[in-house]
Amino acid sequence: MRRSCNRAAGKTDCIEVRGARQNNLRGLSVSLPRESLIVFTGVSGSGKSTLAFGTIYAEAKRRYFESVAPYARRLIAQLPTPHVEEIGGLPPAVALEQKRAEPGSRSSVGTLTTLSNILRMLFSRAGSYPDAGSKRLDSDAFSPNTAEGACPDCHGVGVLHDVTEESLVPDPSLSIREKAVAAWPGAWQGKNYRDILATLGYNVDIPFKDLPEKDRHWILFTEEQPVVTVHAEREAHRIQRPYKGTYMSAAVYVKKTFATTLSATLRKRVLQFMNTTDCSSCKGKRLKPESLAVRFGGHDIAELQEMPVSRLLEIIKGAPELATNEAAPVMVEEIIERIELLSQLGLDYLSLDRPAPTLSAGELQRLRLTTLFHSGLFGVVYVLDEPSAGLHPLDAEPLASMLFRLKEEGNTLILVEHELDLVRQADWIVDIGPGGGDRGGRLIYSGPVADLDGSPESVTAGFLNGKRKMRSRPRLEPGEFFTLKGASRHNLRDLEARFPLGLLTTVTGVSGAGKSTLVSRVLAQTVREWLGSPDEDPGQDTEDAEDDDELLDEKPDRGKATISGAERIKRLVCVDQKPIGRTPRSNLATYTGLFDHIRKLFAATDEARKRGYGAGRFSFNVAEGRCPVCEGEGFVSVELLFLPSVYAPCASCKGRRYKESTLEIEYKGVDIASVLDMTVDAACQFFEDSKQVARPLNILRQVGLGYLKLGQPATELSGGEAQRIKLASELKREQKGKTLYLLDEPTTGLHPDDIEKLLILLYGLVEAGNTVIVVEHDMNVVARSDWVIEMGPGAADLGGLIVAEGTPEQVAGSKGKSAPYLKLALEELV
């Protein structure tokens with residue numbers, strides 16, 4: 001059903017989309033009223049984002065590129081034009097998509113909001129120098145990420161990593177042959193160092209502690225790297241052949257690896273054999289002494305960046321430099337405006353030096369929104385991807401107010417949104433569906449929100465009008481608990497928390513209360529150490545060996561948490577929203593392990609055997625079978641000078657990744673590139689006779705990902721999709737129980753219909769004897785859990801405490817800030 005936006009909204013102009021055929025859109029046409037708040041709804045994969053970002057915003061961006069210089073246009077000519085017949089009445093557009101990659105460890109609140117840049121300029125131009133006649137420092141001198149500003153001892157990190165005999169040899173009662181020097185690498189290289197020591201005459205069979213001190217020191221710390229001929233002892237069936245071996249002490253190996261490796265996993269491994277302390281030169285402030293000597297308002301720049309921005313605002317407003325320096329008022333006014341925006345979005349508890357990877361998804365989203373709100377543009381189209389994602393209901397209220405303020409300033413807002421409370425406040429709704437992937441892409445309804453009820457095909461309508469409720473199951477009663485003690489990180493201060501075993505527990509509370517810190521960081525780290533093994537990544541990407549970004553240079557923890565009563569837990573699985581890969585080379589099929597089985601099916605065909613093609617021939621990472629131009633990526637990177645680089649389809653293989661000879665091999669009449677282009681739904685039918693492929697495909701459908709293509713690049717997946725792929729990879733395992741699952745906001749980006757599917761899967765994990773703990777803001781999920789822990793009462797220094805715990809009804813009756821919202825959700829239980 002499509003309404004005329006002119007008549008229904010009383011507007012004189014519209015954005016007219018005609019014949020959109022991008023991705024799964026089926027010749028979709030729609031009219032959108034300008035200067036209105038418009039929401040696009042529909043189940044995951046229905047085509048909402050394709051219409052909003054892949055069509056409307058992409059066309060606005062294309063028109064902008066047409067206005068740039070011919071030389072620049074030559075570089076971007078390969079950018080695809082959206083498949084749409086016509087878009088009329090389209091103003092300039094600004095987009096805020098969900099970030100696919102997590103920010104790096106040097107990214108912070110200050111860098112994301114550009115407040116750090118302004119503060120550095122303030123210190124450079126208006127700071128109080130110790131010597132009034134001294135030369136003013138450049139603004140770069142106040143940044144720890146530059147050579148001009150970084151402390152020379154810690155290189156701007158704020159911490160120092162060093163080694164001792166105790167850190168390199170955790171158990172000195174072991175002999176060298178028994179791997180007492182745990183810091184050395186495993187496998188062959190570690191054995192090589194042990195064999196060299198034996199050749200050099202050191203006793204490798206007595207406890208390490210019984211070796212003379214001089215020998216212990218040389219073995220662990222020598223800078224010498226002698227080359228000796230080693231006659232290693234090997235199994236009888238192996239060739240006995242001497243070789244030249246080069247020795248490297250444990251300290252040299254650890255320090256060199258930490259400084260040079262590009263592998264986050266390897267760097268994390270050697271870090272456990274190092275002692276991490278605050279830098280003694282800068283006291284953890286990361287800057288040179290001359291930079292720290294400059295003051296504003298009586299504080300150095302590091303002290304101001306450590307404060308909550310609310311406190312920072314008070315200090316700079318009362319700084320004496322405002323009266324003595326002409327440049328100060330201008331820069332301070334800019335800082336005040338930006339901090340007031342943070343305050344309006346409920347983020348004034350954050351400090352500028354807070355590392356971005358430690359922020360929750362909701363905090364990151366709102367920080368990015370402040371850059372839009374501060375721009376002061378009018379007459380433009382803002383295209384926003386789930387602005388309420390990751391927000392507690394209490395935090396979503398000021399966000400809605402700011403969105404309406406943008407609209408009142410003469411802008412058009414297009415929101416891809418699932419939060420029903422925000423949807424109900426919109427001026428106009430566009431519902432796309434009815435399903436995802438090939439079952440979606442049609443316009444179900446376009447018009448005022450109140451009239452959506454008249455669309456029987458709309459999945460959204462039932463949830464919006466309250467006629468359809470999420471299913472639930474009888475609540476389980478708690479029995480045994482395990483306890484976490486001494487949790488001290490960020491705003492957690494020696495916190496003790498208990499969690500029931502064998503139940504579904506949700507940890508809720510306002511944004512910044514400490515939920516993710518408690519569950520995803522402290523609890524995960526403590527259980528990991530207690531089990532004596534790392535948590536497991538559910539996926540196994542055999543095509544992309546990229547390591548996840550790790551926050552390796554964060555300041556050392558204060559205090560050590562302990563765990564008790566967790567004997568029933570034998571395994572830990574953390575399912576977060578980190579990307580499953582950083583380039584288009586990583587995709588759904590490779591991460592889940594499906595591609596290994598699919599390639600074997602192709603290699604088993606008669607034609608492949610005749611040509612001598614093995615399974616490796618069908619990997620886009622192997623030179624013999626992949627396209628030589630794009631090297632199997634299907635895309636090439638296009639440099640855009642002053643604009644970010646983009647990926648464009650490879651002109652040689654047309655994005656198909658493979659050589660023509662590889663594509664000549666077909667399985668059931670289909671080549672390997674066409675298989676990667678299949679949706680999960682289509683692949684389920686195609687591979688129904690192959691159990692190894694069909695089972696994981698069916699699980700992907702159960703988590704609501706049937707619309708995704710097998711070759712969907714990881715860079716195009718949202719955080720919520722990445723998390724569900726990880727969950728599906730875990731669910732394909734045989735469930736043996738006694739596993740602790742930690743999930744961080746798994747409902748982010750999900751339609752209520754998809755949330756219901758997710759809940760059923762979580763119930764299944766619990767029924768199999770596992771313990772599931774979820775950080776969650778969606779009160780429908782909280783109301784349907786077995787146990788609830790609310791953190792608060794506020795954010796940052798006002799949070800970090802457990803304010804209520806118990807059944808959902810007990811928490812709804814407490815004084816916590818979630819109580820009124822949880823009470824409403826409980827009233828709607830079926």
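## Around arginine 338, and outward

The side chains of arginine 338 and threonine 114 meet in a polar contact of 3.2 Å. Keep in mind that this is a predicted model. A second polar contact, at 3.1 Å, links the arginine 338 side chain to that of glutamate 334.

Where does arginine 338 sit? Its place is in helix H15, which covers residues 328-344. Is arginine 338 buried or exposed? Its relative accessibility is 17%, so it falls under the 20% limit and counts as buried. Setting aside residues up to four places away in sequence, arginine 338 touches Thr113, Thr114, Leu115, Ile118 and His374.

That last name is worth following. Histidine 374 lies in the loop between helix H16 (361-373) and E10. With a relative accessible area of 22%, histidine 374 is partly exposed. Histidine 374 and arginine 338 are 36 residues apart in sequence, yet their C-alpha atoms are 7.1 Å apart in space. Beyond its neighbours within four places in sequence, histidine 374 is in contact with Glu334, Glu337, Arg338 and Leu341.

Here are the two residues next to each other:

| Residue | Place | Relative accessible area |
|---|---|---|
| Arginine 338 | helix H15 (residues 328-344) | 17%, buried |
| Histidine 374 | loop between helix H16 (361-373) and E10 | 22%, partly exposed |

### The sheet

The loop with histidine 374 leads to E10, and E10 belongs to an open sheet of 6 strands, in the order E5-E10-E11-E3-E12-E13 and with mixed pairing. Which strands stand at the edges? Strand E5 (93-96) and strand E13 (442-447) do, and each has a single partner strand, so one side of each is left without a neighbour in the sheet. On average, neighbouring strands here are turned by 15° against each other, direction ignored.

In general, the strands of a sheet pair through backbone hydrogen bonds, either parallel or antiparallel. E5 and strand E10 (residues 381-385) run parallel and are joined by 4 bridges. Alanine 93 stands opposite valine 381 in E10.

Which helix lies across E10? Helix H17 (residues 393-408) does, and it also lies across strand E3 (37-41) and strand E11 (412-416), running at about 145° to E11.

### Cores and a buried helix

Now for the nonpolar interior. The largest nonpolar core has 134 residues, and Ile598, Leu697 and Leu710 touch the most other members. Take leucine 710: leaving out residues up to four places away in sequence, its contacts include Asn587, Leu588, Ala589, Leu594, Ile598, Val675 and Leu676. Met678, Val680, Ala683 and Leu697 are also among the residues leucine 710 touches. There is also a second, separate core, with 33 residues, including Val163, Tyr247, Met248 and Val270.

Helix H8 (residues 213-221) has Arg216, Trp218, Ile219 and Leu220 buried. What do the buried residues of H8 pack against? Their partners are helix H6 (165-168), helix H7 (187-199) and helix H9 (250-260).

### The whole chain

Stepping back, the protein chain has 830 residues, and 55% of them are buried. Its secondary structure comes to 32 helices and 26 strands. Among contacts between residues at least 6 apart in sequence, 71% join residues at least 24 apart. The accessible surface of the chain comes to about 35,600 Å², and carbon and sulfur atoms account for 50% of that.

How values were computed: Residues numbered from 1 in each chain as written. Predicted model: local features only at pLDDT ≥ 70, side-chain atom pairs only at ≥ 80, totals over all residues. Heavy atoms only, no water. Core = buried A, V, L, I, M, F, W, Y, C linked by side-chain atoms within 4.5 Å. Buried < 20%, exposed > 50% of the residue type's maximum accessible area, 1.4 Å probe, protein only. Contact = heavy atoms within 4.5 Å. Pairing = 2+ DSSP bridges. Helix = DSSP H or I, 4+ residues; strand = E, 2+ residues; numbered from the N terminus. Axes fitted to C-alpha atoms, helices over the stretch in contact; angles between N-to-C directions. Polar contact = N/O pair within 3.5 Å; in protein donor to acceptor, adjacent residues only side chain to side chain. Areas by Shrake-Rupley, 256 points an atom, 1.4 Å probe, with all protein chains shown as cover.
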